Amino acid sequence: MINDSSLHLRYVVLTCLFPITSAMAQSPAAVIQYLHKMGLDDSQIASAAAGKPLVKLIPAKNDRDVVAFGVIGVPVSAADYMKHALDPGRLIGEGSPRFHIIADPATQADVRAVAFDSSEYRDLKTCQPGNCNFKLPASAMKSFREGVNWDAPDAKAQADAKLQAGMLRLIGGYRSRGNAALLTYDDNGGVRASDSFSALLAQSSELYEYAPPLQQYLASYPANRPAGTRDILYWSTDHPPHTRPTLTLDHVVVYPSPSGTTLIAREQLYASHYFDGAFELLAVASAGSEAGAAPIYVVTVRRFRFDNLPGGLMNVRGRVRDGLVDATRSSLQHERSAAMSAAKR
């Protein structure tokens, strides 16, 4: 469940961690048309092109969904930006103090460093469906409650071993059966992670228009794999101040389209706290007179489904939305500065 006192900071941090990129070889006129479709007028587009980030929330049908759209102009070419954006350290590890890219097939070595934080692992001792501080299925809650000798000196090591084994099962199941292998979160009413992702993917209409093979692959993985596609699975952990340490497992897809365009998408497969699902895209589109030439627009769409966003007096929902706007604006400003610096090297 969401920790009300810490959610705002956690949300701001996590929304900056994964710049997911697609480079679209679209004409400048098509890009302007798209920005108009997103509700931007000519003055706003001109301001963004000049380097002032424009960020807005997109209405979501589900109260637990928060979606942000943002755009900023960057005075570099699309090719230069993609070299910067596709650097492995940025694509996978930027912002995460600990992460690991998982081999195929996965081995124990890939999850050896996965562990519970010492500040919270004993919460597993009393985990029950509907009353658990971790996002877990009921069967895993029972396994931790009854399968760990909580009085033993090595209780944490026992819990960590169960977590590592569970991660290996999830990774193997996902690679063989795709989204059908994702977990059901019984901490909050039996939410299927696969349903959360399917809902977020269905909302991402830009994939249908610009990359239908990628959309189909994400929906049916591991079937329908487009030629030349590269898949990366990785786990990462983060522990900002005043928040619960959060472990996530993610799938990054790098898709070179027949047009020469490269698209990358990130699907969240698991999160130990806060998130029922996440799906992120970022697009690079020409703003100049020729496709691919400088300057470019960096356009981002970020979709998150939270496990609980109460309103009313707590107003967690309002703070989450404000946090996402601020984080997206800051991220776009950082992307502009970093891309300009990289282009000068």
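These are my notebook entries on a predicted model of a single protein chain.

**Entry 1: the overall picture**

I started with the secondary structure, and the protein chain has twelve helices and eleven strands. Next I looked up burial: of its 345 residues, 52% count as buried. For the surface, I got about 14,300 Å² exposed by the protein chain, with 52% of that supplied by carbon and sulfur atoms. I also checked how far apart in sequence the contacts reach. Taking contacts with a separation of 6 or more, 67% are between residues 24 or more positions apart.

**Entry 2: a hairpin**

I picked out strands β2 (residues 54-58) and β3 (residues 65-74). They run antiparallel, and five bridges join them. The two form a hairpin, with six residues between the strands. For a landmark on screen, I noted that L54 stands opposite V71 in β3.

**Entry 3: aromatic pairs**

How many aromatic pairs does a search of the whole structure find? I got eleven. One of them is F116 with F144, an edge-to-face pair at 5.5 Å centre to centre, with 80° between the planes. F116 sits in the loop between α6 (108-111) and α7 (138-147), while F144 belongs to helix α7, so this pair ties together parts that are 28 residues apart in sequence. I looked up burial for both rings: F116 has a relative accessible area of 9%, so I put it down as buried. F144 is buried too, at 5%.

Then I went to Y274 and F275, which also form an edge-to-face pair, this time with 6.5 Å centre to centre and 75° between the planes. Both residues are buried. The ring pairs carry on from there, linking Y274, F275, F304 and F306 into a cluster.

**Entry 4: backbone oddities**

A reminder to myself: most residues other than glycine have a negative phi, and most peptide bonds are trans, so I list the exceptions.

Two cis peptide bonds went into the notebook. D104 and P105 are joined by one, with omega about 5°, and I found P105 in the loop between β4 (98-101) and α6. Another runs from Y221 to P222, with omega near 10°. P222 lies in the loop between α11 (212-220) and β7 (230-238).

That loop between α11 and β7 also holds N224. N224 is not a glycine, yet its phi is positive, near 60°. Is N224 buried or partly exposed? With a relative accessible area of 42%, I have it as partly exposed.

Y274 came up again here, since its phi is near 75°, a positive value in a residue other than glycine. I placed Y274 in the loop between β9 (262-271) and β10 (275-286). Its relative accessible area is 1%, so Y274 is buried. I had already met this residue as the edge-to-face partner of F275.

**Entry 5: the largest pocket**

Last, I looked for empty space. About 390 Å³ lies in the largest pocket. Of the 18 residues that line it, A140, K162, G166, M167 and R169 are the closest to its centre. Which helix gives the most to the lining? I found α8, with nine residues. Both α7 and α8 (155-177) supply at least two lining residues each. Helix α7 was already in my notes as the home of F144.

Methods:
Residues are numbered from 1 along each chain as its sequence is written. This is a predicted model: local features need pLDDT of at least 70, side-chain atom pairs count only at pLDDT 80 or more; totals for chains, interfaces and linings use all residues. Side-chain values use heavy atoms; hydrogens and water are left out. Rings of Phe, Tyr and Trp (its six-membered ring) pair if their centres lie within 6.5 Å; planes under 30 degrees apart count as stacked, over 60 as edge-to-face and the rest as tilted. Helices (H or I, at least four residues) and strands (E, at least two) are DSSP runs, numbered from the N terminus. Buried means under 20% relative accessible area, exposed over 50%, partly exposed in between (1.4 Å probe, protein chains only). Contact means heavy atoms within 4.5 Å. Accessible areas come from the Shrake-Rupley method with a 1.4 Å probe; for residues, only the protein chains shown count as cover. Two strands pair if DSSP finds at least two bridges between them. On a 1 Å grid over the protein atoms alone, a cavity is a set of points where a 1.4 Å probe fits but cannot get out, and a pocket is an open set with protein on both sides within 12 Å along at least five of seven lines; lining residues have an atom within 4 Å of a point. Grid points are joined across faces, edges and corners, and a volume is the space filled by probe spheres set on the points.
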